[in-house]
Amino acid sequence: MRILLVGEYSNLHNSLKTGLQSLGHEVTLVSTGDAFKKYPSDILLQARRIEGFTPLNWYRKALFRFTGFDIANMEIGYRAMDFLFDQKPYDVIQLINEYPFKSPYFMERRVIERLRALTKKLVILACGDDYVYLNNLDKLPHHPALQNPEIHFPYSEKYLTPAHKKYHEFVFAKKDAIISTDLDYHPAYAGKTDYMGMIPNPVCVEKLEFKPNTSLKQIVIFHGINQTNYYKKGNDLFEAALEQIQEKYGNRVEVRTARSLPYTEYLRTYEDAHIVLDQAYALDQGYNALEAMARGKVVFTGAGKAFCKNYNLNENEIAIHTVPDVSKIVKNLEALIENPKRILEIGQNARTFIEKHHDANEVAGRYVKAWEQIKERTKT
């Protein structure tokens, strides 16, 4: 098949591309690289003119500060349309999210219309914030917006505005299918029209060396922070817990914190860590957590009862289930520091789990089977 993957937030589409190519498919990935993360892409859409011209970039930042409108996103929209203008049809086009480029709505609609015209199978992933997910938070046990009503989450709140609702209805009228990527999004979409269920995130296992840190004399704890999602991921809770751990254990632990790093640098920074603190509100693992698990790290992330039931696992067998409770985070960290051999056991279990359930080649095959079940749309 000839496939176009649109957008990238986490390395999901890059890994899926690798898996699809191993099965003999022709795949193109077009994305913005997701800001500072700088994910690779076949077609990289960047606001080079605006960001590369100092006076214009200064004006852009000033305008954004006062209005919340980023003119760089307009250039992204124009570049997306320029790329799509002379493209030949694709058998499948898949969007990473209902709003993949974040250009102004009038431009994003034009992009979606062009994508719709280029394929008979247009698929949207339930991945990251979107209108349906954010309107069904009551189906989740924890979410930062529910736990912290006094905190504003402007990025998420945009998806609940009347303007976005109108855009959401437009793009969902164009789509042929929805696939969720983990258990955090599945509850919001279960029973919805055109929902094809959950397919686990693909991970290129062969690219991630299983190299657990067997030196257990000093436990290295890595805390990676995306400053934009500081409260959304529970980084404030992790920092509070780490203060207690450092005070109690001193030199027995090394706490390493990194903020808003590009993807490749992020991977290098926690290479020799024993423990990786990922997020505190999830039911399932996000992409960063999965890659850390593949490398043999003990990850604090979502892995609760629903997750264990789905994969037939025991509690904390392959990762440490983390909820927004500082005392529980501290307790789980203490248990690992006091029994460091458990770190190696969980790390090995984590690698085995990723190989079994997230291997990119196998997951790509599941996507192909799902796409083949979609009835081709003859009218747009």
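**A pocket and two helix pairs**

Hi everyone, let's begin with a pocket: the second largest one in this structure has a volume of about 180 Å³. Please keep in mind that we are looking at a predicted model.

So who lines that pocket? The lining residues are Asn-11, Asn-14, Ser-15, Thr-18, Pro-40, Cys-204, Lys-207, Leu-208, Tyr-263 and Glu-291. If we sort the lining by class, we get four nonpolar, four polar and two charged residues. And which helix gives the most to the lining of this second largest pocket? That is helix H1, residues 12-22, with three residues.

Let's step back for a moment and look at the whole chain. The protein chain has 17 helices and 12 strands. Along its principal axes, the C-alpha trace spans about 60 × 50 × 35 Å. For 380 residues, a compact globule would have a radius of gyration near 21 Å, and the chain agrees with that, because its own value is 21 Å.

Now back to H1, and to a helix that packs against it. H1 and helix H17, residues 360-373, pack at an angle of about 80 degrees, and their axes are 8 Å apart. Angles of 65 to 115 degrees count as roughly perpendicular, so that is how H1 and H17 lie to each other. On the H1 side, the contact is made by Ser-15, Leu-16, Thr-18, Gly-19, Leu-20 and Ser-22. From H17 come Ala-360, Asn-361, Ala-364, Tyr-367, Val-368 and Trp-371. Taken by class, the residues of this contact are seven nonpolar and five polar, with no charged ones. You may recognise Ser-15 and Thr-18 here: they were on our list of pocket-lining residues too.

Here is a second helix pair. Helix H13, residues 287-294, packs with helix H16, residues 341-357, at an angle of about 115 degrees, and the two axes are 7 Å apart. How do H13 and H16 lie to each other, roughly parallel or roughly perpendicular? They are roughly perpendicular, therefore, given that angle. H13 brings Leu-290, Met-293 and Ala-294 to the contact, while H16 brings Gly-347, Ala-350, Arg-351, Phe-353 and Ile-354. The residues of this contact divide into six nonpolar, one polar and one charged.

To finish, one thing to look for on your screens: find H1, then follow its contact with H17 and its part in the pocket lining. Thanks for listening!

Terms used: Residues numbered from 1 in each chain as written. Predicted model: local features only at pLDDT ≥ 70, side-chain atom pairs only at ≥ 80, totals over all residues. Heavy atoms only, no water. 1 Å grid on protein atoms, 1.4 Å probe; cavity = no way out; pocket = protein on both sides within 12 Å on 5 of 7 lines; lining within 4 Å. Points joined across faces, edges and corners; volume = space filled by probe spheres on them. Helix = DSSP H or I, 4+ residues; strand = E, 2+ residues; numbered from the N terminus. Nonpolar A, V, L, I, M, F, W, Y, C, P; charged D, E, K, R; others polar. Axes fitted to C-alpha atoms, helices over the stretch in contact; angles between N-to-C directions. Parallel < 35°, antiparallel > 145°, perpendicular 65-115°, else oblique. Contact = heavy atoms within 4.5 Å. Rg over C-alpha atoms; globule rule 2.2 N^0.38 Å.
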